[in-house]
Amino acid sequence: MNLNYDKASIEIPESWRAKAPIILSAGLIFLVVGMACCFMATSKGGDYTQALKYLTHSYLANFFYVFSFTLGALFFILVQFLTRAGWSSSIRRLAEILMMTIPYLALLFVPILVMLFAGSSALYGWNADPKDMENSVIASKATFFLSKEFFTIRTIAYFTIWILTASWFFRLSRQQDESGDTELSSLRQKWSGPLIMVFALSVSFAAFDWLMSIDADWYSTIFGVYVFSGSMMGFFALMIILCMLLQNAGKVQKLVTVEHFHDMGKFLFGFVMFWSYIAFSQLVLIWYANIPEETFWYQVRLEGGWKAFSYGIILVHFIIPFLFLMSRHIRRSRTLLATGAAWVLFAHWYDMTFLVMPNAGSAEFFPMVGHLLGGVGMLCIFSAIFIQRATGVPLVAMRDPRLPEALSYANPIL
Amino acid sequence: MSEHKPRKSIEKKMPKAFGWMAEYQDENNLLAAARKVRDSGYTKTDAFTPFPVHGIDEALGIKPTILPFIVLCAGFTGLATALLMQWWTNGFDYKYIISGKPFGITPASIPIAFELTVLFSAFTAFLGMIALNSLPKFSNPVFTNPRFDRATNDRFFLFVEATDKYYNRESVKELLGGTHPDSLDEVLEDTTPSTLPQPIILALLLLVVAGLIPGMIILNMRAGFSTAPRFHVFFDMDFQPKKKAQQQTTIFVDGRTMRPQVAGTIARGQLEEQDPFYLGYDPSKLTMSNDSPSVLFVSLQTPADGKPPIAVPPATKDEKTGGQPPATPVVPVLPWIVKLPIEANEDNMKVGKLKFETYCSACHGYGGYGDGLVHKRADALAQGYWLPPTSLHIDRVSKQPVGQIFNTITKGQGKMASYASSLTPKERWSIVLYVRALQRSRNANIDDVPVESRFLLDEDPKPVDPKPESTNSVEVTSK
Amino acid sequence: MATIASNFNLREIDNTDDIPGRRAPLITGNQSYASVTDIVCRVAEDPQPMLWYILFGFSSLTAVMFLSLIGFLILKGVGIWGNMNPVFWAWPIVNFVFWVGIAHAGTLISAILFLFRQNWRTSINRAAEAMTIFAVICAGIYPGIHVGRAWLAFWLLPYPSLNLWMWPQFRSPLLWDVFAVGTYASVSLVFWYMGMIPDLATYRDRSKSPLRRMIYGLLCLGWTGSSRHWLRYEKAYTLLAAFAAPLVLSVHTVVSFDFAVSQVAGWHTTIFPPYFVAGAIFSGFAMVVTLMVPARSIYKLENLITLRHLDNMNKIILATGSLVGLAYATEFFMAWYSQNQYEYFTFFNRAFGPYWWAYWTMVTCNVISPQLFWFKKLRTSTFWMVVICIFVNIGMWFERFVITVTSLSRDFLPSSWGYFRPTMFDGLMFFGSFGVFLTLFLLFCRYLPTIAMSEVKGVMSAVSHAAHSKDGTHGQNH
């Protein structure tokens with residue numbers, strides 16, 4: 001490989017590294033302030049039941065919002081090796097760093113487990129004392145599957161699977177940086193197939209456990225796919241913004257080309273459509289069959305002030321990004337595409353809020369502001385973790401055997 | 001179609017020249033030549049290649065096509081068509097309820113909206129491509145060169161048209177000759193006759209005529225008048241081997257298709273016809289009367305305990321059997337039972353309340369005043385033409401024997417339909433019990449309220465709450 | 001031609017290995033543009049092999065039998081089938097969904113793989129698209145004759161009728177089906193035909209007989225290969241691909257809605273749309289592999305449809321097969337998790353009720369047999385891949401049978417439970433539909449370009465171009 005490159009151009013910008021502690025503390029402040037806002041605005045008199053509910057739901061929604069990016073990154077890596085893709089070689093390292101934040105983010109899940117073992121049923125209704133549960137359906141699930149012990153075991157299993165997969169892929173990638181051995185690519189290709197199946201299973205069940213079981217009465221087999229599609233969409237939006245910010249800071253200028261932006265834009269567009277397809281499929285089946293065991297989930301989202309918010313998701317999450325990203329011209333323009341991606345990042349947060357928050361109670365202004373602040377805080381914390389992980393790691397896998405392909409291809413027509 | 005004719009019969013006069021065409025073996029040579037030609041200022045140029053050569057649009061200076069914009073418009077047209085069509089057909093022009101779904105645009109409209117968007121866009125993309133390319137075009141001067149057959153195989157051609165404003169026969173020849181072509185030919189007018197061969201025209205005409213025939217037959221059948229019997233394709237469907245009611249038959253001696261009941265058998269439900277529990281009156285005491293219906297009706301209002309009858313406006317009753325022509329019709333005198341055949345206990349009362357509120361309250365109202373939701377809605381809609389449901393507290397009803405109320409529930413009266421299929425006899429009697437309780441609660445005084453419950457009344461200054469809840473604990477028996 | 005002679009020596013060359021950084025050749029045998037044209041055109045120009053006539057005779061007789069049985073069905077009524085209370089949706093709907101599923105591979109290959117820049121699709125997309133069209137024809141027949149009065153099937157269309165004074169019921173998923181399958185059939189046909197136009201022009205230009213030249217000349221609309229035409233053509237092709245890609249998903253999604261919007265346990269589950277789509281791609285690819293393996297060997301197309309193509313298709317079969325397995329597992333899990341007694345009973349009944357044999361056939365063929373494709377030996381062995389793909393198709397037929405019949409035969413009312421038994425006509429008509437499919441496919445091989453020559457050449461050009469520009473010899477061209 002006789003690619004001439006400046007070593008500094010593929011490192012995380014110094015200014016970012018310098019700002020990382022500030023970003024982290026800002027994130028923590030935002031998170032704490034947001035959560036406090038949530039808590040204060042919903043506690044009525046001395047009754048903190050509702051406040052605790054709001055607080056925990058908001059935390060889960062914001063946690064999963066940033067965590068879904070890493071799941072998207074992990075899937076992206078797996079699928080790039082599975083399909084022997086060449087075009088993505090120059091942006092793959094960024095996704096690899098993103099997925100390496102999983103171990104840190106796993107720590108953010110610990111408060112939820114602690115809360116379970118403290119006996120709180122504010123977030124997961126199935127954690128209440130079986131004697132207090134009127135609903136026999138939940139009670140019969142809660143005896144075994146939705147017990148705090150088994151839930152914890154599963155959660156640890158998911159994180160173990162993801163962390164092991166991510167770090168193995170990352171280690172081999174870093175080894176290749178040193179040796180340039182093509183065998184390291186072949187090895188990852190070989191294992192990407194089985195691992196993607198394990199990934200699919202674990203993400204599906206993690207979605208059932210973490211997000212769907214906050215309403216333990218409700219069930220939808222497509223829910224895992226729904227969460228997956230949103231995560232992929234969020235991941236591509238983040239990648240686009242990340243690439244643009246890095247380029248604005250003078251990094252990876254020639255390594256990430258307009259073709260990569262174009263392709264990521266297409267993927268972003270594609271996953272906006274895929275999410276809409278999955279969301280519509282779930283809605284139309286439940287709406288049409290009109291069985292009370294299922295429809296109540298949507299009813300919760302149409303009552304208590306959530307109606308406008310829930311209808312808004314069609315506009316925010318489908319119509320606006322769909323119309324905006326439809327044009328080839330926009331997908332090939334860095335700034336315009338990043339604008340669209342920023343909107344999609346917001347839309348993904350909107351979707352997470354839609355999934356979780358109506359279960360906490362009615363929509364009110366101040367708690368929602370707190371929830372939004374919490375989301376910003378989580379995003380800041382996530383960015384700080386990303387910068388920490390990216391320090392000392394080249395931002396492009398310069399000795400990937402397929403890098404020349406990534407630098408020379410052109411989008412034909414679309 | 002003329003391009004496949006051998007080009008031997010060239011006429012005497014010199015055919016018109018369309019331009020020069022150079023042939024290359026390789027797309028790279030073509031691209032280089034195309035750039036050269038473009039840089040020399042020629043715009044009326046074209047390349048002919050067996051596959052789309054990338055970069056040729058830039059090399060020849062071809063502008064992007066407006067096809068995507070046309071397709072976008074078609075897509076929105078498809079979307080609008082689908083939504084309008086579904087709204088118009090199912091939400092406006094021919095409304096009907098299907099599994100309680102709302103009219104107009106619903107999630108159920110999305111699949112068809114999507115399909116028509118795709119259908120319109122896809123066909124526009126294809127037809128737009130055809131139209132913008134001016135296809136089909138069967139006669140083309142480029143086909144006159146036999147070497148051109150390889151343009152769809154493995155050769156690349158560059159063509160400079162004679163209509164270009166800088167066109168000069170010699171200089172173009174020189175320019176193209178300088179790009180090292182494999183061959184360089186002048187494109188000449190296609191001089192072969194451009195008319196279709198006679199047999200093909202005939203065959204096409206025949207096809208058109210044959211294609212018209214089925215349509216003409218159908219048109220004739222739909223528009224014409226004929227007395228000839230129709231043609232039965234599905235004979236066994238049109239003429240089924242079965243008999244309908246009131247038809248004659250030769251199978252039985254009496255010639256009737258309908259058969260009388262076989263002696264000594266009981267039809268389903270027949271046993272119940274003798275039991276007062278199912279009827280509300282005792283059939284064994286049934287007598288026939290020559291009294292006019294109104295007299296009879298008044299007599300029926302007289303309860304068995306000897307209280308005086310009350311004059312009420314005549315009401316119709318469909319209990320007549322047979323149709324006697326004389327002026328004094330003979331009608332059955334229905335001996336209504338006056339004692340409830342079920343026990344007046346709390347269980348029955350609860351059942352009665354539940355069923356009353358399920359089935360009766362919609363019209364008669366929870367309190368039995370005839371002010372149910374149906375009444376309120378209908379009254380609002382009909383603006384005075386609506387005849388309200390009977391109040392259960394008017395004397396005509398409250399003095400009726402229990403058997404008659406049961407009979408009304410069972411068979412219906414006036415606008416009220418029969419509830420026999422929805423409610424078991426026991427449930428109907430329970431409703432009667434509950435109705436009696438409702439009626440009794442209208443005439444209750446403080447002595448009827450149990451001593452231990454009277455404080456409830458003290459808190460509320462209103463003497464009687466019309467809601468039925470207040471009568472729950474009242475001990476009621478039928479007279 | 002020397003290149004042609006070398007084709008035979010280089011058959012079955014293994015190009016399935018892909019060393020990172022160096023792409024294995026998509027087509028083997030050192031092909032030139034002319035040799036590709038030759039190989040493909042020979043299929044239609046040379047006299048057909050004896051096997052073609054034998055197969056054609058057999059399949060056309062089967063097709064005639066099928067058409068006669070349709071006539072008989074129309075005369076006698078749908079009572080000749082085994083459809084009986086409570087299973088009113090039996091083999092006809094099973095066969096319909098089966099064939100629609102098969103129809104998914106073609107447009108998927110031509111549209112979705114095109115958007116993903118999978119260049120290997122160019123060798124197989126034409127034949128796969130043809131299979132799409134023929135499978136849709138087979139699929140469309142079943143609901144058409146199942147409606148009872150088949151001659152009134154046009155009532156499904158929204159036309160202002162002077163006799164009926166009413167409109168179709170657009171809120172019914174069955175009508176969505178009419179639109180989805182109708183759109184899919186017509187768009188696939190346009191896509192297929194449009195892709196064929198340049199190749200039909202090649203056929204025209206190589207024709208020796210004037211009649212042949214005239215017919216192909218008419219069919220290709222006078223295509224010249226003008227660059228201005230190519231530009232619009234490519235744009236239109238890309239747009240069609242962009243529309244056909246979601247269309248492929250939508251068709252089986254709508255078919256799944258037929259089941260899933262109901263309240264029948266085992267039908268009403270939200271994962272049905274993606275799960276049906278995965279199953280459709282699964283069965284479609286299996287059918288493509290099943291037919292392509294003998295076709296490439298009969299017509300000597302091994303250099304264009306290489307082991308690499310088959311290997312790639314088998315990988316997709318493995319992926320979609322695993323997705324289908326995952327969906328089965330999710331459904332089973334959710335039947336327990338929901339604590340809904342009807343769901344729970346239905347799934348228990350599927351696996352251990354009277355139709356256990358169908359269920360386990362389905363699981364064996366659909367979930368277990370494609371897992372064999374983890375082994376590269378089996379993935380690249382033409383014999384084993386055909387065996388596995390036939391199993392997959394059997395399994396996918398049984399999947400639809402299990403979904404339709406087990407749920408209907410045990411509905412909410414135990415007094416109406418029953419056991420479905422097909423009649424002779426069910427079997428013969430299903431068999432007959434294969435005759436229609438095969439007849440059309442054989443005619444296609446004989447008269448139309450089976451491989452998209454112009455697209456293969458385009459990829460060849462791009463590959464050689466990339467190789468050149470890497471050396472820096474032709475770098476100035478860009």
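C:Gly182 is partly exposed in this predicted model, because 17 other C-beta atoms lie within 10 Å of its own, and a residue needs 20 or more to be buried and 12 or fewer to be exposed. The residue belongs to helix H7 of chain C, which spans residues 173–206. From C:Gly182 to C:Gly140 the C-alpha to C-alpha distance is 8.7 Å, although 42 residues separate the two in sequence.

C:Val289 offers a useful counterpart in chain C. With 26 other C-beta atoms within 10 Å, C:Val289 is buried, because 20 or more are enough for that label. Its place is in helix H10 of chain C, residues 272–298. Setting aside residues up to four places away in sequence, C:Val289 touches C:Leu310, C:Met313, C:Asn314, C:Met385, C:Val386 and C:Cys389. C:His146 lies 143 residues from C:Val289 along the chain, and the C-alpha atoms of the two are separated by 30 Å.

Helix H4 of chain C, residues 91–102, is also well worth a look. H4(C) has 12 residues, and the span from its first C-alpha to its last is 16 Å, close to the 16 Å expected at 1.5 Å a residue. The helix is mostly covered, with 12 of its 12 residues buried. Among these buried residues are the aromatic side chains of C:Trp91, C:Phe96, C:Phe98 and C:Trp99, together with C:Pro92, C:Asn95 and C:Gly101. C:Ile102 is buried too, and it is one of the residues in contact with C:Met131.

C:Met131 leads on to the nonpolar cores. The largest of them has 291 residues, and those with the most contacts inside it are A:Leu268 and C:Met131. Besides C:Ile102, and leaving aside neighbours within four places in sequence, C:Met131 is in contact with C:Ala105, C:Gly106, C:Met287, C:Val288, C:Leu291 and C:Phe441. Another core, of 30 residues, lies apart from the largest one and includes B:Met21, B:Leu30, B:Tyr42 and B:Ala47.

In chain A, helix H8 covers residues 223–248. Its 26 residues reach 38 Å from the first C-alpha to the last, close to the 38 Å expected at 1.5 Å a residue. H8(A) is mostly covered, 21 of its 26 residues being buried. A:Gly250 follows the helix and has a positive phi, near 85°.

Chain B contains 15 helices and six strands. Buried residues account for 27% of its 479 residues. Of the contacts in chain B between residues at least 6 apart in sequence, 72% join residues at least 24 apart.

Four strands of chain B form an open sheet in the order E2-E3-E1-E4, with antiparallel pairing. E2 and strand E4 (183–188) are the edge strands, each pairing on one side only. On average, neighbouring strands of the sheet are turned by 25° against each other, direction ignored. Helix H1 of chain B packs on this sheet and touches E1, E2 and E3 of the chain, its direction making about 15° with that of E3(B).

The pairings within the sheet can be followed residue by residue. Strand E1 (residues 17–24) and strand E3 (residues 156–161) of chain B run antiparallel and are joined by six bridges. Here B:Gly19 stands opposite B:Glu161 in E3(B). E2(B) also runs antiparallel to E3(B), through four bridges, and B:Ala47 stands opposite B:Leu158 in E3(B). In a regular strand the side chains alternate between the two faces of the sheet. Accordingly, B:Thr45 and B:Ala47 point one way from E2(B), while B:Asp46 and B:Phe48 point the other way, and all are buried.

Chain B also meets chain C, and this contact takes 61 residues from chain B and 56 residues from chain C. On the side of chain B that touches chain C, the elements giving two or more residues are helix H1 (27–39), strand E2 (45–48), helix H2 (56–60), helix H3 (67–93) and helix H4 (110–132) of chain B. H4(B) provides the largest share of that side, 15 residues. By residue type, the side of chain B that touches chain C divides into 36 nonpolar, 15 polar and 10 charged residues. Two of the contributing elements, H1(B) and E2(B), thus return from the sheet, where H1(B) touches E2 of chain B.

How values were computed. Residues numbered from 1 in each chain as written. Chains lettered and ligands numbered in written order. Predicted model: local features only at pLDDT ≥ 70, side-chain atom pairs only at ≥ 80, totals over all residues. Core = buried A, V, L, I, M, F, W, Y, C linked by C-beta atoms within 7 Å. Contact = placed C-beta atoms within 7 Å. Nonpolar A, V, L, I, M, F, W, Y, C, P; charged D, E, K, R; others polar. Pairing = 2+ DSSP bridges. Axes fitted to C-alpha atoms, helices over the stretch in contact; angles between N-to-C directions. Expected span 1.5 Å × (residues − 1).
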